[in-house]
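Let's walk through this structure together, one element at a time. Keep the model open beside you as you read.

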Amino acid sequence: MKVAVLVTCINDALFPDTGKAVFRLLRRLGVDADFPAAQTCCGQPMVNTGYLDEAVPVVRAFTRAFAGYDYVVTPSGSCAGSARHQHGLVARRAGEPQLAETGPKVLELSEFLVDVLGVTDVGAAFPHRVTYHPTCHSLRMLGVGDKPLRLLRAVRGIDLVELPAAEECCGFGGTFAVKNAETSTAMGADKARHVRETAAEVLVAGDNSCLLHIGGLLSRQRSGVRVLHLADVLASTGEEP
Amino acid sequence: MSATFVGMPAFPAAAREALADTQLRRNLAHATGTIRAKRAAVVGEVAEWEELRLAGAAIKDNTLRHLDEHLLTLEASLQARGVTVHWARDAREACDVVARIAVDHGVDEVVKVKSMATQEIGLNEALAEHGVTAWETDLAELIVQLGDDLPSHILVPAIHRNRAEIRDIFRREMAGAPEGLTDDPAELAGAARLHLREKFLRAKMAVSGANFAVAETGTLVVVESEGNGRMCLTLPEVLVSVVGLEKVVPTWSDLDVFLQLLPRSSTGERMNPYTSTWSGVTPGDGPQELHVVLLDNGRTRALADEVGRQALRCIRCSACLNVCPVYERTGGHAYGSVYPGPIGAILNPLLKGVGVDEQTDSLPYASSLCGACFEACPVRIDIPEVLVHLRSRVVDAHRGGAPKPEAAAMKTASWILSDARRLEFAERGLGIASRALTRFGRRLLPGGRRALSRLPWPGSLWTDTRDLPAPPREPFRAWWRR
C-alpha cells in the first residue's frame with residue numbers, strides 16, 4: 001500500500017504542526033507515508049472563486065505530485081472534497097481527462113483511519129474538555145458521518161462535549177470570508193458563541209481553514225478557547241495539548 | 001406601491017445593512033428555526049424520501065429535455081378546454097397581455113393568488129400604470145403590500161416581520177381595521193379576512209400563477225394554505241394565470257410525487273390545506289373566461305446552460321432558504337430579487353445572464369458553499385455546484401481588459417501554486433514579512449502562538465474581525481527537508 005500525505009497549502013504555510021502530527025500518527029499505526037515534495041495545493045481557492053483557467057496548472061501539479069499512489073491522505077475535508085468533486089470540472093475545462101484521475105484516491109484523514117486501516121482507537125491521550133465542529137465539506141460533501149467522533153471518543157482522558165447547532169456552517173467558506181466578510185463574521189460569531197456555551201478548553205475540527213476563522217474570532221473575543229486540528233489531538237499521547 | 005428591487009446594491013453592501021438590523025435578525029432566526037424543525041420532522045417520517053427526491057428530479061429533467069413538445073401538448077389541451085393561451089417572451093409582454101385583458105373587460109381592480117411569476121414580472125406595478133389595482137390576497141403578501149414593503153422569502157414573503165410590526169402595519173394602512181387590534185395571530189388573521197372578503201365578492205377578474213401545469217389534460221394546479229387562493233380561482237368571472245415555462249409536467253401521475261415533496265419541504269406539513277385544480281372552463285361553474293400566459297423571461301436562457309439548467313427543476317418550496325446560514329442572517333432583501341436565498345443566488349443570474357450588472361454577478365458569491373441547501377432540496381438541485389459554475393461564468397465574462405485586484409491575486413496564486421519551488425520561495429518571503437509584522441503585534445492566540453491582529457488592506461478584510469496566526473518560523477516543507 002503506497003500512501004502519500006497531501007499536507008495542503010494552508011497547513012504547509014500556517015499549520016506545520018498539523019502536518020507533523022499526521023505523519024506521527026500514521027507512523028504509530030504502522031503506515032510509512034510519503035510527502036511528495038512536488039505537492040502544492042488542490043486548486044480549491046481558484047475553483048471556488050470562479051477562476052477555472054487559473055486552477056488548471058495547479059491541478060496539473062497536483063496530479064503529477066500524487067501519481068502512482070494507492071491513497072492520498074489529507075487532514076482536510078475541504079481539500080479532499082475539492083479533489084474528489086471538483087477536479088472533474090477543471091479536467092473538462094482543460095480538456096485533460098487525466099486531471100480527474102487522482103481525485104478518487106484522496107481520502108480525508110478520518111476516512112483513511114476508519115475505513116482503510118479499520119481503527120478507531122489510535123492510542124491517543126488528551127485529558128482536556130473538547131468540543132467538535134463537523135466541517136461542512138467533510139459532513140455534506142464527503143459524508144464522513146460520525147467517523148471523527150468515533151476516533152475522538154476513543155481518546156484516553158478526553159472530556160468530549162456536544163457542540164450546539166454543530167452542523168451549521170461556521171461562515172469561513174474560502175474567499176467568502178473576505179468577499180462577504182460581514183456575513184462570514186456574523187455566522188462565525190454564532191459558532192463561537194455555541195463553542196463558548198460548551199465551556200470546552202479546545203475546539204477540534206478536521207479543517208484548519210475553518211479553525212483559522214472560528215479560532216480567529218475566539219481569540220479576538222479573548223475567550224481563551226484554543227483550536228486544534230483532529231490530527232493534533234489524535235497524535236497526542238501526553239498531557240500537554 | 002413604490003418599493004422596488006431595482007437599483008439594489010450588490011450583495012455584500014446590502015447584507016451589511018441587514019446584519020445591523022437587530023429586529024430583523026431576531027425575526028429571521030426565530031422563523032427559519034421554526035420552519036426548519038417542522039420540515040425536519042415531517043421529512044423524517046417518510047422512509048422513501050430519497051427515492052421521492054430522485055423521482056422528482058428525474059421527472060423534471062425528462063420534461064425539460066423535451067420541453068418544447070410538452071408545452072405544445074399543454075397548449076393544445078388548454079385550447080381544447082376553452083382556455084386562451086398567450087406566449088410571453090419577457091416580463092413586458094406578459095404584463096401587457098394581462099393588462100390588455102383587464103382593460104378589455106373594463107375592470108379597475110383584480111384579486112391575486114400568491115404567485116412568484118407575477119412578482120418576478122412586476123405585474124402589480126404594470127397594472128397600476130393602466131389604472132388597475134391588484135389586491136394581494138395571500139396574508140403575507142397582503143402584509144408586504146400594505147406596508148409598501150418588498151417580499152423577503154418565497155413562501156413567507158413577510159418573514160422579516162413579527163406580529164407586533166404586522167399589527168402596526170394593519171392599524172396604519174388597512175382601511176377599516178378593527179379598533180384596538182392586538183398582535184394576537186387569530187385577531188390579525190380575522191382583520192385580514194374581513195378586509196379581503198369584500199374584495200373577493202366584488203372583483204370581476206383574478207390573476208394567479210400555477211404550481212404545476214399538467215400537459216395531458218390542460219390542468220393548472222395551485223397549492224396554498226389559507227383558502228384565499230381558492231376564493232380568487234372560483235368567484236371572479238375572468239381568471240388569468242401566468243405560468244413559467246418550467247411548470248409543465250406531462251401527466252397527472254407525475255403530480256403524485258410533487259404533491260408529496262412540496263408541502264413537506266415548504267410549510268413542513270404532510271399535506272397542504274388547499275389544492276385547487278382546474279381544467280378549462282366548466283359551464284355554469286367558476287370563471288367562464290380563462291387565460292394562460294406561458295412565460296419565458298429568461299427560462300430558455302437558463303435551459304441553455306448545461307450545469308445551471310437543473311435550477312429549472314425548482315418547485316419554489318423555500319427549503320433552501322430556511323436552512324441557509326447566510327439567508328438566516330441577511331434575510332431576503334439583500335438578494336435584491338423576489339427570488340432570494342440559495343435558489344435566488346443561482347436563479348437570478350441564470351434568468352438574467354451574467355456579466356450584465358454587478359448586483360446579479362454578486363449573487364453566486366453570496367454563499368459559503370456549505371451544502372445545506374442541496375441536502376434540503378426536494379428535487380436535488382446541486383446548488384453549490386451551480387454556484388461554483390456561475391462564479392466561473394462571472395469571472396469569464398470579465399476576462400480581458402484591465403484585471404481587478406482579485407483577478408491579479410488569483411493569477412499570482414496560480415503561478416506560485418503550480419510549482420513547489422515557487423511555493424517554497426513564497427513561504428520564505430511570508431516568513432520574513434511575518435517576522436517584521438509580528439514585531440508590532442503583541443497579541444497571543446489561546447495556546448500562546450503569536451497573532452497578527454491589524455493588517456493593512458487587503459489583510460484587513462480578515463483582521464477587521466478576526467485574529468490571524470502569525471506564519472510559523474518554519475513551514476512544513478522546510479521542516480520535512482530537514
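A good place to begin is a sheet in chain A, where 4 strands form an open arrangement in the order 5-4-6-7 with parallel pairing. Strand 5 (159-161) and strand 7 (226-229) of chain A stand at the edges with a single partner strand each, so one side of each has no neighbour in the sheet. On average, neighbouring strands here are turned by 35 degrees against each other, direction ignored. Bear in mind that you are looking at a predicted model.

Follow the sheet to its strand 7 edge. Strand 6 (residues 202-205) of chain A runs parallel to strand 7 of chain A, and 4 bridges join the two. Within this pairing, A:Val202 stands opposite A:Arg226 of strand 7. Helix 11 of chain A packs on the sheet, where it touches strand 4 (129-133), strand 6 and strand 7 of chain A. The direction of helix 11 makes about 175 degrees with that of strand 7 of chain A.

Next, turn to a pair of helices in chain A. Helix 4 of chain A and helix 5 (residues 77-94) of chain A have axes 9 Å apart and pack at an angle of about 105 degrees. The two helices are therefore roughly perpendicular to each other. Helix 4 of chain A contributes A:Leu52, A:Ala55, A:Val56 and A:Val59 to the contact, while helix 5 of chain A brings A:His87, A:Val90, A:Arg93 and A:Ala94. Sorted by class, this contact has 6 nonpolar, 1 polar and 1 charged residues.

Helix 4 and helix 11 also lead us to the partner chain. In all, 58 residues of chain A are in contact with 54 residues of chain B. Among the elements of chain A that give two or more residues to this side are helix 2 (16-28), helix 4 (52-65), helix 10 (181-197) and helix 11 (208-220). The residues on the chain A side divide into 30 nonpolar, 18 polar and 10 charged.

Crossing over to chain B, have a look at strand 7 (residues 238-244) of chain B, which is mostly covered, with 7 of its 7 residues buried. B:Val238, B:Val240, B:Val242 and B:Gly244 point one way from this strand, B:Leu239, B:Ser241 and B:Val243 point the other way, and all are buried. Strand 4 (residues 205-208) of chain B runs parallel to strand 7 of chain B and is joined to it by 4 bridges, with B:Val207 opposite B:Val240. Strand 7 of chain B also pairs in the parallel sense with strand 10 (residues 289-295) of chain B, over 7 bridges. There, B:Leu239 has B:Leu290 of strand 10 as its bridge partner.

Technical notes:
Residues are numbered from 1 along each chain as its sequence is written. Chains are lettered from A and ligands numbered from 1 in the order in which they are written. This is a predicted model: local features need pLDDT of at least 70, side-chain atom pairs count only at pLDDT 80 or more; totals for chains, interfaces and linings use all residues. Two residues are in contact if their C-beta atoms, placed from the backbone, lie within 7 Å. Ala, Val, Leu, Ile, Met, Phe, Trp, Tyr, Cys and Pro count as nonpolar, Asp, Glu, Lys and Arg as charged, and the others, Gly among them, as polar. Axes are lines fitted to C-alpha atoms, for helices over the stretch in contact, and angles run from 0 to 180 degrees between N-to-C directions. Angles under 35 degrees count as roughly parallel, over 145 as roughly antiparallel, 65 to 115 as roughly perpendicular and the rest as oblique. A residue is buried if 20 or more other C-beta atoms lie within 10 Å of its own, exposed if 12 or fewer, and partly exposed in between; C-beta atoms are placed from the backbone. Two strands pair if DSSP finds at least two bridges between them.
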